[in-house]
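Colleague: I should like to go through this model with you, one region at a time. Please give the reasoning behind each reply.

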Amino acid sequence: MDQLATYQGRHDGESIVVCGCGPSLTELAEPRRWVTIGVNDVSRLFDPSYLVVVNPRSQFKGDRFRHVEGSKAQALFTQLDLGPVGPPVVRFKLGQFGGTDSGHGSVLHYTQNSPYVAVCLAAYLGARRIGLIGVDLTDHHFFAKTGRHPLASRLAQIDREYRALAEALGKRGIELVNLSAVSRLQSLQRARVADFFEARPAASARAAPQLVSLPTREEPQAQPSCRPDTRRLFVVNYHFVSCGDVFADGLRHAAREMGLTYDEAAWDDTLLPAKIERFRPDLVLVVHGRRFAQKWRGRFKAFKTAVWLVDEPYEVDDTAKWSIGFDTVFVNDPATLARHRNAHCLPVCFDPSVHRDEGLRRIHGVGFIGGFNATRERFLLALAEAGLLGYVVGGPWRAPALRRLCLSANLPARDTARLYQQTEIVLNVFRETHHFNAQHIPAASMNPRIYEALACGAVVLTERRAEVANVFPQMPQFDTPDELVATVQALRADRARLQQLGAECRAHLAGHAYRDRLEKVLATALGQDGVVGSVETPRATAASEPGRSALRPAGATVTPLAPRPRVAEPLPFSTTPRRNLIYHVWPVRGTTWKWNLDELKRRIDLFNGRRVIGVVCDQRSEEAEAVQAYLDGHGCEFVVMRNDQRGESATFGEMLERVASTDPDELSFYAHAKGVKYEPQLPRSVKRWAEVQYAVTLDDWSAVKDQLQRFAMTGIFRKHGRFANHHNLGDWHYSGTFFWMRHASVFARNWRDVPQFYGGVEAWPGMHFGRHETGCLLMDNLRELPYQDRFWAHKGDPAMKLWKSSLRNVPVPPDLAQPLPFDGHVAPRLEQKPEEFGFWIDRLLRSGAASLLSIGSPCGGAEWHVARVFHQHGRSISITTLDTRESAQRTAAFADARERFGQTLDLVMGDSSMPGLRERLAGRYDAVYIDGDHGYLACRRDVQLARSLNPQLIGLHDIVDSDWHAASRCCVSRVWDELKREHASEEMQSGVWGGVGLLTLPRGAA
């Protein structure tokens, strides 16, 4: 057994990451590249360099200690006798509770929070920088929904303990920072993981294509202006997912070159107010701005502020809500100038300190760097199929041809510049998703890629856009894949023309560096006499094009808007939120109420929480039993009342009561059956109004989730103003009353105050929340009546067409699109996570099963592996698969398993809803594995069938809830939550999809 003293100073001067078991641990990319100290069962995600365990074996629930035993850490540090474990054990003594000094001998100080000991160990090992991740104190662990953190009630005390420890370490020259974006600890300085390590990701190991690594050149230091500049500038930075800190670096280099008195900090720096107050800037310039505005609101009114909006017009509906809070607004695209007060055009640019031609050999012909969108994939695939594409970076790409050419999922700015310096032709295809641009204002401006690649000496070939021809008139543009392929072929064939084209375009780069932009910012925002000045804005050449909005001419001013309230501080979800349904129906005799319920049933598996249906009946309607029968099997509960003059207001309050909670990770959606009062004839425009509301609110989960992380509510067709039919309550409403609500916001207000008149529910949101606190998914500030034919012909249908074109599909998880090998086997295809499927097979072996029914298996991989593993253990098993589809892959897998492993594998065609199916199956099976139709109704039927077969073990796959499952209408998580309350259960969840749950049933339990 090693002694603690032998480890003292072993990592002198290094950076070490201490890893707890909170959800943020999954954000630590490539953990094996760093020195890590994990606690408890971190090894279920990765094996840390060292493991700390201070709790006895008996306190680990379920299978948690198994991951301690099986850890491959270099050493396990503990004060306990844990029994046999995999890593070498290093014993220490617990020191002082809450101790902060360096300790002595074999002592490490402690608190109730295990990572505290790990931090003390990191300091003992000699670390100079210690990062903390997974110490979130939020609900759940990274590996499962385990409920409220047991130490949540002691958060304040734990925060104080870490503050004291950080201060003590600081005096010893050791920095302690929090790397988690969701951690509830507030006392520690925060940093991003990438910034903490300041490391470059390794290039692809493939032989070709490759990114050639060159000796790092010392960055040329921009020389300060010889004339001292007394202006004081403070920049508030934002780290972008795609381009990282390129804006922060560019502005820093420009300020240095100009000789400005300069300081900077990130928007989420908890010391930001103190830093700005101490610096006393003439101007606070905020990049991007959304998070800053949400977090700090009116905190910096004592200083002159400006914001640079760099994602216009794609996010204008959002930015226009809060840009009013800045003295001066700069937009990258002139198309949205009129949406902001005191707005000025400030295009993106390049950083000469990074983006420059180094004279390197250009080993790549044609390349592209950027994220996936369908248009980009179409253009790039055309080049790849023509043999003209050298590499791509980014994605994730769907086409195998592009995946083979992909160097990396992301590159830091300097590596991006290095790649541009080695490429002859860089392609540019613009983004296509308008996150917050309901009017679909067309983009007119260029992106940074054009400036940066050109400055690095590459020729840029770009998708057509108006501003390109104005700034770089010689730059070739394209509209179609065929035109792109032809242009690349022509340029590659005429190298003299290629070089001439590059030189002509680079001649127009002057005036487009960060220094030029920063000089304009200061001149505009401060003027010559220190007051807010004015500056001419460029004339928009796109204004006269068909279908484009007219932009204000050069020199025009924008009338200042009245101040509006700031948006609420964002509340990110700590896990995929639980989603409830509350829905009202008046089943007037006829077909309309059933048509509404059909629209709902198509989407009902989006809701993995409670499904509450309010039903009101009268002499015009069917009885409530008809509605209950129509929704039978979908797990609904009902609130039944007699209909009266209140309409849907009658049931709304009771339905709210049933779902009420202030859980920040819980949502509810409300709607009602539309058009029933028109029976027997539903007007076409009313039906269209209803169709669009169902689609927009329920078919784009990503958009709903995004908005509910920033707003208390979101819906569709928002109208502004007070209306007599609402008794003038509230100054806005969702026309049609389809809306989502965030529980943490809604149920913290006076939510029981529901107006008791017809239309009261439509007025209810506007009574409790201001417009600035709520979002809109489509057609905000609606002025027309959406149930008239004229509206749909001129505005509604065009808006819906644009909405459909901008739908964002939740990407298929990479390890589902291309499953990982299981026990080294890549075929037959197994759409399971290896560690989860291994868990299932292990339990299957332990149970002594000799017969298995597998429900739903299109590829046959699950059955093949069960047959293989049982054969390896000298066991026989008879496997029957139930499925509705023929599959050549499965047929081949079964034949191979019979021949190689001597097991019995049979196929029964059908599903659990078919009459007479039970008679086609065996009388009983020892185990049943369910991975068929993932909807609630079908999964419940499969469970019912499984129970009738009297098994000892029932396994369910896809019990995890995630954005992927929500968008895919997978509702197994709801079934699993119900089953866990009925039977002894065990589960394993290891990521954002999948998850295996096991039920152990006594014989005869069916």
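Colleague: Is His-288 buried or exposed, and what is its relative accessible area?

Modeller: Please bear in mind throughout that this is a predicted model. His-288 lies in the loop between β14 (283–287) and α7 (290–296). Setting aside residues up to four places away in sequence, it touches Tyr-238, Phe-240, Val-307, Trp-308, Leu-309, Asp-311, Glu-315 and Trp-322. Buried means under 20% relative accessible area, and His-288 is buried, with a value of 6%.

Colleague: Which residues have the most contacts inside the largest nonpolar core?

Modeller: In soluble globular proteins, nonpolar side chains tend to be buried together. A separate second core of 57 residues includes Leu-25, Tyr-50, Leu-121 and Tyr-124. The largest nonpolar core has 80 residues, and those with the most contacts inside it are Trp-308 and Leu-518.

Colleague: With which residues is Leu-518 in contact, leaving aside its neighbours within four places in sequence?

Modeller: Leu-518 is one of the α16 residues that meet α5. Among the α5 residues on the other side of this helix pair are Leu-251, Ala-254, Ala-255 and Met-258. Leaving aside neighbours within four places in sequence, the contacts of Leu-518 are Leu-233, Leu-251, Ala-254, Ala-255, Met-258, Leu-260 and Leu-285.

Colleague: How are α5 and α16 oriented to each other?

Modeller: The axes of α5 (residues 246–258) and α16 (residues 514–526) come within 8 Å and cross at roughly 75 degrees. By class, their contact has 9 nonpolar, 1 polar and 3 charged residues. Angles of 65 to 115 degrees count as roughly perpendicular, and α5 and α16 are therefore roughly perpendicular to each other.

Colleague: Which strands stand at the edges of the open sheet of 5 strands?

Modeller: Strands of a sheet pair through backbone hydrogen bonds, either parallel or antiparallel. In this open sheet the order is β19-β18-β20-β21-β22, with parallel pairing. Each edge strand has a single partner, so one side of it is left without a neighbour in the sheet; these strands are β19 (391–395) and β22 (477–478).

Colleague: Which helix packs on this sheet, touching β18, β19, β20, β21 and β22?

Modeller: Strand β18 (residues 364–371) pairs with β19 in the parallel sense over 5 bridges, and the bridge partner of Gly-370 in β19 is Gly-394. The direction of the helix makes about 165 degrees with that of β18, and the helix is α9 (residues 374–385).

Colleague: How many residues of helix α17 are buried?

Modeller: The buried residues of α17 (residues 592–601) include Trp-593, Trp-595, Leu-597 and Leu-600. They pack against β23 (578–585), α18 (624–630), β26 (666–672) and α20 (684–698). The helix is mostly covered, and the number buried is 7 of its 10 residues.

Colleague: What is the relative accessible area of Thr-416?

Modeller: Thr-416 is found in helix α11 (residues 413–420). Leaving aside neighbours within four places in sequence, Thr-416 is in contact with Ile-369 and Leu-411. Thr-416 is buried, and its relative accessible area is 12%.

Colleague: How far apart in space are Asn-728 and His-239?

Modeller: Asn-728 is placed in the loop between β28 (718–720) and β29 (732–734). Asn-728 is partly exposed, with a relative accessible area of 44%. Asn-728 and His-239 are 489 residues apart in sequence, and their C-alpha to C-alpha separation in space is 44 Å.

Key. Residues numbered from 1 in each chain as written. Predicted model: local features only at pLDDT ≥ 70, side-chain atom pairs only at ≥ 80, totals over all residues. Heavy atoms only, no water. Axes fitted to C-alpha atoms, helices over the stretch in contact; angles between N-to-C directions. Helix = DSSP H or I, 4+ residues; strand = E, 2+ residues; numbered from the N terminus. Parallel < 35°, antiparallel > 145°, perpendicular 65-115°, else oblique. Contact = heavy atoms within 4.5 Å. Nonpolar A, V, L, I, M, F, W, Y, C, P; charged D, E, K, R; others polar. Pairing = 2+ DSSP bridges. Core = buried A, V, L, I, M, F, W, Y, C linked by side-chain atoms within 4.5 Å. Buried < 20%, exposed > 50% of the residue type's maximum accessible area, 1.4 Å probe, protein only.
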